[in-house]
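Reader: I would like to learn how to read the empty space inside a protein model and the surface beside a nucleic acid strand. Could we take one example and work through it together?

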There are 2 protein chains.
Amino acid sequence: MDNMFEPIGESQTLSQRIERKIETAIREKRLPTGSKLPSERELCEMFAVSRTALREALRRLSARGLIDIKKGSGGYVSDYNIKNAISSLLLYYDLKFDKDLILQINQARAMFEPEIARLAAESRTDKHVKELRATIDDLINCNHDDIQAEADLVNKFHAKVTEASGNSFVIISMEPIFSLVPRIRNFIYANIEGEKNNILEKHEEIYASIRDKDGQKAFNAMSKLIDRTNEIYLEHLHKYNL
Amino acid sequence: MDNMFEPIGESQTLSQRIERKIETAIREKRLPTGSKLPSERELCEMFAVSRTALREALRRLSARGLIDIKKGSGGYVSDYNIKNAISSLLLYYDLKFDKDLILQINQARAMFEPEIARLAAESRTDKHVKELRATIDDLINCNHDDIQAEADLVNKFHAKVTEASGNSFVIISMEPIFSLVPRIRNFIYANIEGEKNNILEKHEEIYASIRDKDGQKAFNAMSKLIDRTNEIYLEHLHKYNL
DNA sequence: GTAATAAATTGGTATTACAAGTTGCGATAA
DNA sequence: TTATCGCAACTTGTAATACCAATTTATTAC
């Protein structure tokens, strides 16, 4: 019995209550996307509060990405997009970034990405095929010494495969991974010297499977690729005793 | 050539620049978790700005979950937890919730949950086994008429399985799904009359597999369960032409 | 030393004033 | 008539001051 006696009255501040009222209106679409909010003075009158309190409520909503405020113009209901949605998630991973997270991400990739490749093979459009081809070509032409550029292109390829799955939930879920890769790269300077041809081959195989709409083949190729990549990572982690 | 002429000067407001400065200090751990910020008056002097501008910066940081502000006490660097991180993600799904999202979520579950069950079987602790057992027992004892309670318990079971995987990235990724189930339930009144025994059996099978650390068996059982559930959903969607 | 009390400190709200940017209307010129 | 310019009437952004309410700290009485 932790909370036998809950706090009496509203512990919420005035500006928080205003925030919640406007937020509810937005969630219930009473304020549709893109619509203009009344001016601050008008809202002050409507809520019967000072401009100070109202502005702080608007600042919170703006910080959370629910509204856009333009100086001299006014406030508008934001087109709440994925960027807003995952920005705080990215911040979270940014703060808790460590070796464990890297291992867990690698594990998650091994679990999910083969299935994603399978779905991509079944759902991809011609546009996706073109973009995947272009990415691999860039990778082929990439300077062998530029490890950073190579890693970025590999990352781009995997992001494109995920995009080709057409499942927005999957795309959003994987987004943090592809955003964190640059940081992982700074953490693990795993050299894939002598592996590049092998890696490249597997990417070609994945590409071909998706192009030919062969889900099972895409699954297998992706599975092998991720497993091999994880092996390289683990070897490196052991070698440098991280 | 889209951006031949980039905007001149800082389009950022003063309060946004203050916000960014403090945010950077937090991200770089110069302000460690739990530490107390200087008082508003002090910060005003340090940044040489009015209290108005400073407070709006603090409001933004507070709204984003980076700091906690206690009246009469002061501001503290928040222990930025998962709740903060995924709250905006939940808002996003809340706003774009529709039939398509439900279908994509079901697809994603079919892709991911079997693998999650496999990992759970390999990583689970005794505590997880107990909790899973308790959840199934609740489901058995649940009133057959109370469809809502049943759905909640099934949902809880799947959340617990995910938790047992021990992979925090996976847990966070799946969190939106388990949060959305109540809304899906209101969308689809899929009657599992006559299915309950079948569903229950499969849950028992998953439980036993995880208890016995049989990953492959857990994978198969979860796979069958999700497939059957999706069938029921699709039948319902067709029947009512949603 | 402890507990009650008073004082100082801190965040919350209100008010007023002005700065700075945007919008739209109308006067003016072509 | 049409295009352009400029001004006026908006809008939000920042500043300064004052006071309220909650919390913390210092003081006092026991």
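Reader: Which helices each supply at least two residues of the lining of the largest cavity?

Author: Rolling a probe the size of a water molecule over the atoms shows where empty space is left. In this predicted model, helix 4 (82-95) and helix 8 (168-187) of chain A, together with helix 4 (82-95) and helix 8 (168-187) of chain B, each supply at least two residues of that lining. The largest share, three residues, comes from helix 8 of chain A.

Reader: How many cavities are there, and how much space lies in the largest cavity?

Author: The count comes to two cavities of 30 Å³ or more, and about 50 Å³ of space lies in the largest cavity. Its lining includes A:Leu89, A:Tyr93, B:Leu89 and B:Tyr93, and the lining residues divide into seven nonpolar, two polar and no charged.

Reader: Turning to the DNA, which residues come nearest to DNA strand C?

Author: Of the 25 residues around DNA strand C, the nearest are A:Leu14, A:Ser50, A:Thr52, B:Arg41 and B:Arg59. The surface near this strand divides into four nonpolar, 11 polar and 10 charged residues.

Reader: Which parts of DNA strand C do A:Ser50 and B:Arg41 approach?

Author: A polar side-chain atom of A:Ser50 lies 2.6 Å from a phosphate oxygen of DNA strand C, whereas for B:Arg41 a polar side-chain atom lies 2.7 Å from a base nitrogen. Of the strand's atoms within 4 Å of the protein, 66% belong to sugar or phosphate and the rest to bases.

Methods: Residues numbered from 1 in each chain as written. Chains lettered and ligands numbered in written order. Predicted model: local features only at pLDDT ≥ 70, side-chain atom pairs only at ≥ 80, totals over all residues. Heavy atoms only, no water. Near = heavy atom within 4 Å. Polar contact = N/O pair within 3.5 Å; in protein donor to acceptor, adjacent residues only side chain to side chain. Nonpolar A, V, L, I, M, F, W, Y, C, P; charged D, E, K, R; others polar. 1 Å grid on protein atoms, 1.4 Å probe; cavity = no way out; pocket = protein on both sides within 12 Å on 5 of 7 lines; lining within 4 Å. Points joined across faces, edges and corners; volume = space filled by probe spheres on them. Helix = DSSP H or I, 4+ residues; strand = E, 2+ residues; numbered from the N terminus.
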